[in-house]
Amino acid sequence: MASNKNQHFVPRCHLRPFTLNGENAAINVLNLDRKKLIPNAPVKNQCSRDYFYGQDENLEKAIQIIESKYGQALIDLTKNRFIPTDDIKDVLKIFWLFQHQRTEAAALRAVELAEATAAAANIPTGKYTLEIKAAVQIACKAFLTFMHEIDDLKFCVIKNKTDFPFVTSDNPAVLTNRWRLEKDRMPGHSFGLGSAGMLALLPLTPKLFFLGYDGDVYNIPNERGVATIRSVRDVKALNQHQFLQCVANVYLHDASYEKALIEHFTEVEPIRPKRRHIVNYAQLDSVFDGRERYVLVPPTERDPSKESILHTRIIHPKPGMWPSLIRLRTNGSVYTNGTGAGYVRFVRAQTESARPFWKERP
């Protein structure tokens, strides 16, 4: 049985630099629903649940190893004048991936997606269910299988030279993709680990930020793995992802920034997704020249006698601005999946729900 009942899905070693005086005892919490700052909240109560990972002692020990190495990497980074060695990059990369997989936000999305898929398929309630703890355990145990998906990313540390701080949140390890959100010629497609143009974002301290990026798509000016930003706009552009991706709370070390952060969140709020996924239900409409034609229909209008397909897509919010140092290459090489045999093409389902698509018949 796990020895710790109160288990953190965002560890205290990550929150420590954002606590008051770095003492890891109290922290300022900006609650987005109330748009109100809660000062000096106990850190031990933040981002935690009783037996969030269940009661598997081996899993708990594995998590503690990752968190311990992360905490040491932050110390080593400071001692090394903020220049990230390959070992430090590897630790931060592993922590980013694990943190991206294991938060309450990720678990909630998995549960909601399972429920929506079951509803679209007209599966009776309760027959196939996924609980949050089960979703977390699956994600934690599977994350090593995803490591190869980010092996080709480049990584750097961003130094914040402004007076405005980086913030963190209850879902700090963000996956996004500027190229797919802005330049993709096939809009409406989802993306994830291993996608061309992927960006991995993680605030480390109010003055440091960890960035992973696809070097074939982006040019990030840096020296020995260290990039510098001197514009408050760039800091806000990175903070924006915490506002867009978190469940409820943003964390900051200095309460004097409350008003500025609330104003910034108010600007971002209209583009914060109200739902995190779309489930499309399509049924066979016709067969022509060896190709099957499918039409998207509401689940309530489905014909059980016809062959059908379910398609799920995660909603990735498009921020209102990007930091100036994340530059798209003008001559980068970007590859995307085709729509030949074996692929199903779903086109802009959120705005063209009645438009048909085709699948090659085997």
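**View 1. The surroundings of K93 in helix α3.** K93 is buried, its relative accessible area coming to 11%, and this close-up, like the others, is drawn from a predicted model. The residue belongs to helix α3, which covers residues 86-102. When the neighbours within four places in sequence are left aside, the contacts of K93 are with M147, I150, D151, F155 and F210. Two of these contact residues, F155 and F210, can be found again in the strands of View 2, since β5 covers 154-160 and β9 covers residues 208-213.

**View 2. Strand β5 and its two partners, β9 and β11.** Strand β5 is mostly covered, with 5 of its 7 residues buried. Its pairing with β9 is antiparallel and is made through 6 bridges, and within this pairing C156 stands opposite L211 of β9. The pairing of β5 with strand β11, residues 226-229, is in the parallel sense and runs over 4 bridges; here V157 has V226 of β11 as its bridge partner. Strands of a sheet may pair in either of these senses, in both cases through backbone hydrogen bonds.

**View 3. The open sheet β3-β2-β12-β6.** This sheet is built from 4 strands in the order β3-β2-β12-β6, with antiparallel pairing, and it is open. Strands β3 (36-42) and β6 stand at its edges and have a single partner strand each, so that one side of each is left without a neighbour in the sheet. Strand β2, residues 26-31, is joined to β12 by 4 bridges, and the two run antiparallel; L30 has V250 as its bridge partner in β12. On the pairing of β2 with β3, which is also antiparallel, there are 5 bridges, and A26 stands opposite P42 of β3. The strands β2 and β3 form a hairpin with 4 residues between them, and in the turn K35 has a positive phi of about 50°.

**View 4. The aromatic pair F164 and Y257, with K236 beside it.** The model contains 5 aromatic pairs. In one of them, the ring centres of F164 and Y257 are 5.4 Å apart and the ring planes meet at 80°, and because planes over 60 degrees apart count as edge-to-face, the pair is placed in that class. F164 is found in the loop between β5 (154-160) and β6 (168-169), whereas Y257 is found in the loop between β12 (249-252) and α8 (258-268), so the pair ties together parts that are 93 residues apart in sequence. Both F164 and Y257 are buried. The ring of F164 also has the charged end of K236 sitting over it, at 5.3 Å from the ring centre.

**View 5. The aromatic pair F166 and F209.** The rings of F166 and F209 form a tilted pair, with 5.1 Å from centre to centre and 55° between the planes. F166 lies in the loop between β5 and β6, and F209 lies in strand β9 (residues 208-213), so this pair ties together parts that are 43 residues apart in sequence. F166 and F209 are both buried.

**View 6. The salt bridge R178 to E182 within helix α6.** The structure holds 5 salt bridges, and one of them is formed by R178 and E182, whose closest N and O atoms are 3.1 Å apart. Both residues lie in helix α6 (residues 178-182), where they are 4 residues apart, or about one turn of the helix. R178 is buried, with a relative accessible area of 17%, while E182, with a relative accessible area of 33%, is partly exposed.

**View 7. The salt bridges R233 to D234 and R293 to D285.** The side chains of R233 and D234 meet in a salt bridge, with 3.6 Å from N to O. R233 counts as partly exposed at 39% relative accessibility, but D234, at 5% relative accessibility, counts as buried. In the salt bridge between R293 and D285, the closest N and O atoms are 2.4 Å apart. Both partners of this salt bridge are partly exposed, R293 with a relative accessible area of 23% and D285 with a relative accessible area of 42%.

Key: Residues numbered from 1 in each chain as written. Predicted model: local features only at pLDDT ≥ 70, side-chain atom pairs only at ≥ 80, totals over all residues. Heavy atoms only, no water. Phe/Tyr/Trp six-rings, centres within 6.5 Å; stacked < 30°, edge-to-face > 60°. Buried < 20%, exposed > 50% of the residue type's maximum accessible area, 1.4 Å probe, protein only. Lys NZ or Arg CZ within 6 Å of the ring centre and 35° of its normal. Salt bridge = Lys/Arg side-chain N within 4 Å of Asp/Glu carboxyl O. Pairing = 2+ DSSP bridges. Contact = heavy atoms within 4.5 Å.
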